[in-house]
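Trainee: I'd like to learn how to read aromatic contacts and strand pairs in a model. Could you walk me through some?

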Amino acid sequence: MAAPPNFEEGQSTYRTPRFNGQYYGWWKTRMHDFIMAEDSELWDVICDGPFVHIKTVGEPAVIVPKTRKEYNDGDRKSIEKNFRAKMILVCSIGADEYNRISACQSTKEIWEALQTAHEGTTQVKQSKINMLTIEYELFRIKDDESTQDMHTRFTSIINELHSLREIIPRNKLVRKILSVLPSSWESKVNAITEAKDLQNLTIDELIGNLKACEMKKKKDHERREPQKEKNLVLKADNNDSSGEDADMAYLTK
C-alpha cells in the first residue's frame with residue numbers, strides 16, 4: 001500500500017485521516033481503523049447502510065417506517081450514529097471528492113462511490129490483483145539492496161493486495177522472502193529453515209534475523225578491509241625491496 005511521499009508519522013488521533021484524491025488505499029485502511037476506534041457501530045452503518053426505524057401494523061402484519069414522533073430514545077441514538085458516520089466521511093475528504101459524492105444519501109453510498117472511483121469496478125479490481133500477483137511472483141532482491149529496502153518494496157506489494165482483499169498466508173510470505181535471497185545467504189537460509197517453525201515465524205521476526213546477520217556480515221567485512229590493505233602495503237614493500245636487491249646485484253657485477 002503506497003503511502004504519501006514525505007509522510008511523517010504522528011498524525012492527530014482526534015482528526016479524521018484526510019483524503020485529497022491520492023493514495024486511496026492508504027487512506028481507506030486508516031479510515032477504517034479511525035472509525036472502529038471511535039465506535040464500531042459506525043463501521044456497521046458504513047458497510048450495511050443506515051439504521052432504519054420500522055414498526056409492524058395492521059392485520060395481516062405489515063412493516064412500515066416509523067414517523068419522527070414515534071421515535072424512542074434508542075431510535076434517536078441510532079439516527080445520531082447515522083449522521084455521525086456520514087459527518088466523519090464528509091469531513092475527511094476534499095472539495096473535489098465531495099463533488100463526487102454530494103448526491104449520495106447514505107454513508108454506504110458515499111463509501112461505495114469512493115471505492116468505485118478509486119479502485120474501479122470488480123473487473124478493474126481483478127486486473128489490479130492480477131498485476132500485483134505477477135509482481136509478487138516475480139519479486140527478487142536487487143543487487144546491493146539492503147534487507148530493509150527489500151522488505152519495504154515487498155511490503156508495499158503485499159499491502160496493495162491486502163487492500164484489494166487478496167490475502168496471502170503468512171507462512172507463504174516468509175518462504176517467499178527466503179527464496180529471493182541471493183546465493184551468498186544460502187547457509188543462513190538453511191539455518192533458519194532448520195531452526196525455525198516456518199508456519200509460526202512472522203515476517204518481522206524473519207526480517208529482524210536477516211538484519212542481524214547483515215550487520216554481522218558488514219562488521220566482518222569492515223574488519224577484513226584494513227587487514228587486506230595492510231597485506232597489500234607489505235606486498236608492495238617486499239616487491240620494492242626485491243627490485244632494489246636485483247638492481248644492486250646487477251651493478252656489482
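Mentor: Happy to! Keep in mind that this is a predicted model. Let's begin with two rings: Tyr136 is buried, and Phe154 is buried as well.

Trainee: How should I describe two rings like these?

Mentor: In general, an aromatic pair is described by the distance between the ring centres and the angle between the planes. Across the whole structure, a search finds 7 aromatic pairs. In one of them, Tyr136 and Phe154 are tilted, with 6.0 Å from centre to centre and 40° between the planes.

Trainee: Which helices does the pair of Tyr136 and Phe154 link?

Mentor: Tyr136 belongs to helix 6 (residues 122–137) and Phe154 to helix 7 (residues 147–163), so the pair links distant parts of the chain, 18 residues apart. Tyr136 has another contact: the charged end of Lys176 sits over its ring, 5.4 Å from the centre. Elsewhere, Phe19, Tyr24, Trp27, Trp43 and Trp111 make up one aromatic cluster.

Trainee: And the strands: in which sense do strand 1 and strand 2 pair?

Mentor: As general background, side chains in a regular strand alternate between the two faces of the sheet. Here, strand 1 and strand 2 (residues 62–65) pair in the antiparallel sense over 4 bridges. Thr56, for example, has Ile63 in strand 2 as its bridge partner. The two strands form a hairpin with 4 residues between them, and Gly58 in the turn has a positive phi of about 75°.

Trainee: Why does Ile54 count as partly exposed?

Mentor: Ile54, in strand 1 (residues 54–57), counts as partly exposed because its relative accessibility is 43%. With Val52 and Ile63, Ile54 forms a nonpolar surface patch, with about 310 Å² of accessible area together.

Conventions: Residues are numbered from 1 along each chain as its sequence is written. This is a predicted model: local features need pLDDT of at least 70, side-chain atom pairs count only at pLDDT 80 or more; totals for chains, interfaces and linings use all residues. Side-chain values use heavy atoms; hydrogens and water are left out. Patches are made of residues with over 30% relative accessible area and no salt bridge: like charges are joined within 9 Å, nonpolar side chains (Val, Leu, Ile, Met, Phe, Trp, Tyr) within 5 Å. Accessible areas come from the Shrake-Rupley method with a 1.4 Å probe; for residues, only the protein chains shown count as cover. A salt bridge is a side-chain nitrogen of Lys or Arg within 4 Å of a carboxyl oxygen of Asp or Glu. Buried means under 20% relative accessible area, exposed over 50%, partly exposed in between (1.4 Å probe, protein chains only). Rings of Phe, Tyr and Trp (its six-membered ring) pair if their centres lie within 6.5 Å; planes under 30 degrees apart count as stacked, over 60 as edge-to-face and the rest as tilted. A charge sits over a ring if NZ of Lys or CZ of Arg is within 6 Å of the ring centre and within 35 degrees of the ring normal. Two strands pair if DSSP finds at least two bridges between them.
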